[in-house]
Amino acid sequence: MNLDDLKAQWRIEMQHTGHADVRFEGIKGEVSEFRRAGRNAAFWMIFAHVCGSALAVFFGWLTRDDVGWLSKLGIAAYVIATIWMTFTLLRARKVTRSDDWTLRSRLEIEIERLEKQRNLYNRVGVWLLAPMSVFIVLSTLGRHHDLTGGYLPDLFAWTHFYSVWLAMCALVYWLCRREITRKFDPLLSRLKGLYRELVEN
Amino acid sequence: MPSDFDQLVRQHGARIRRIALRYAASGAVDDLVQDILVRLWRSYPSYRADARIETWIYRVALNASMTYVKESIRERERQAALIAQSPSPGAVQAGTSMGDVLASFLATLGDIDASILMMYLDGLTAEEMSGILGISGNAIAVRINRLKQKFSDTYVG
């Protein structure tokens with residue numbers, strides 16, 4: 001017996017059409033789902049921050065007469081943070097490798113995409129938490145200055161406020177690290193293993 | 001859904017399911033079959049009739065299968081460990097069907113070698129496989145020879 005003897009068995013299995021259980025309505029729905037997937041979480045995040053910064057500019061700056069320089073600086077920081085965040089998120093979606101429809105290029109693309117997403121989660125402090133923290137600090141101090149005329153806040157109250165903010169940042173960072181460990185690393189390891197298996201003789 | 005696509009899927013449904021069976025974790029085969037069908041449907045307008053239909057199906061199905069790992073990593077690792085622990089099949093015993101031999105041999109191979117074996121059994125040429133996998137025809141020929149040797153060592157003894 002040799003390997004070619006299995007060809008007959010393979011042909012028999014291929015003629016067995018009883019397995020073709022096709023849910024056509026399901027396919028239609030999933031195709032729509034694929035198209036909708038383009039408008040994913042990154043889109044909504046960008047959308048939310050663009051709306052947020054537009055509202056901050058309109059209600060926090062343009063429609064008020066008592067806005068001090070510190071508040072304006074805070075709002076400007078938010079607008080800049082939104083632009084940077086948008087740029088970072090869009091850049092992370094862009095894949096540089098070309099798809100020639102081979103398994104090799106598909107694996108390369110998947111690996112590049114996942115590495116970019118992993119990097120995005122890994123650097124969440126740089127592109128999301130740090131800019132938002134600058135905005136939060138500047139805008140809260142600015143509002144305090146606008147209302148009281150003083151720069152020094154009530155340390156006890158502000159310590160509590162910033163502690164809550166820091167705890168939120170820590171939670172977001174921890175969730176991202178968990179996602180990296182539980183989702184991205186195993187996926188990347190598997191895809192890289194497959195890639196090595198494909199290209200190494 | 002055009003009737004020719006309907007016809008195509010019914011005609012090649014067993015092939016699609018066989019590929020999915022090799023790559024999906026148990027319990028996730030139907031999901032992978034659906035995923036492959038969705039991708040086939042999406043790429044159907046770009047399918048060139050001058051290429052063999054099997055080539056197109058393998059291209060789409062293998063791309064889908066190899067990247068369909070999100071829910072299946074742990075389960076597949078468990079299955080691989082079970083296969084590794086099971087004793088070597090040795091020479092074919094009387095009463096062992098060819099279907100069993102095919103299934104057990106496929107299970108012992110790595111994902112890439114299994115894809116090459118399925119395409120080889122389906123009669124695809126090294127050039128066609130090269131176009132699907134993105135590696136040279138020579139590399140494919142070497143792997144097929146290695147598969148033949150491994151099969152011989154395992155089942156002929």
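Let's start with a single side chain: A:Leu62 counts as exposed, because its relative accessibility is 60% and the cut-off for exposed is over 50%. Keep in mind as you look around that this is a predicted model. A:Leu62 belongs to helix 3 of chain A, which covers residues 41–62. This leucine also has company at the surface: together with A:Leu55, A:Phe58, A:Phe59 and A:Trp61, A:Leu62 makes a nonpolar surface patch of about 530 Å².

Now move along chain A to A:Val79, which sits in helix 4 (residues 69–93). Is this valine buried, exposed or partly exposed? Its relative accessible area is 28%, so A:Val79 is partly exposed, given that the partly exposed class lies between 20% and 50%. Leaving aside residues up to four places away in sequence, A:Val79 touches A:Ser53 and A:Val57. If you trace chain A to A:Gln117, 38 residues from A:Val79 along the chain, you will find the two C-alpha atoms separated by 24 Å.

Chain B is our next stop. What is chain B built from? It has 8 helices and 0 strands, so to read its elements from the N terminus on is to read α-α-α-α-α-α-α-α. Of the 157 residues in chain B, 51% are buried. Chain B exposes about 7,000 Å², and carbon and sulfur atoms supply 50% of that area. Look also at how its contacts span the sequence: among those between residues at least 6 apart, 72% join residues at least 24 apart.

For a closer view of helix packing, find helix 3 (residues 53–66) and helix 7 (residues 126–133) of chain B. Two packed helices are described by the angle between their axes and the distance between the axes. Here helix 3 and helix 7 of chain B pack at an angle of about 35°, with their axes 9 Å apart, and their crossing is right-handed. Helix 3 of chain B brings B:Thr55, B:Tyr58, B:Arg59 and B:Leu62 to the contact, while helix 7 of chain B brings B:Glu128, B:Gly131, B:Ile132 and B:Leu133.

Finally, turn to helix 6 of chain B, residues 111–121. Why is this helix largely enclosed by the rest of the structure? The reason is that 10 of its 11 residues are buried. Among them are B:Asp111, B:Ile112, B:Ala114, B:Ser115, B:Met118 and B:Tyr120. Just after helix 6 of chain B you meet B:Gly123, which takes a positive phi of about 85°.

Methods:
Residues numbered from 1 in each chain as written. Chains lettered and ligands numbered in written order. Predicted model: local features only at pLDDT ≥ 70, side-chain atom pairs only at ≥ 80, totals over all residues. Heavy atoms only, no water. Patch = residues over 30% accessible without salt bridge, like charges linked within 9 Å, V, L, I, M, F, W, Y side chains within 5 Å. Areas by Shrake-Rupley, 256 points an atom, 1.4 Å probe, with all protein chains shown as cover. Salt bridge = Lys/Arg side-chain N within 4 Å of Asp/Glu carboxyl O. Helix = DSSP H or I, 4+ residues; strand = E, 2+ residues; numbered from the N terminus. Buried < 20%, exposed > 50% of the residue type's maximum accessible area, 1.4 Å probe, protein only. Axes fitted to C-alpha atoms, helices over the stretch in contact; angles between N-to-C directions. Left-handed = near helix turned anticlockwise from the far one by under 90°. Contact = heavy atoms within 4.5 Å.
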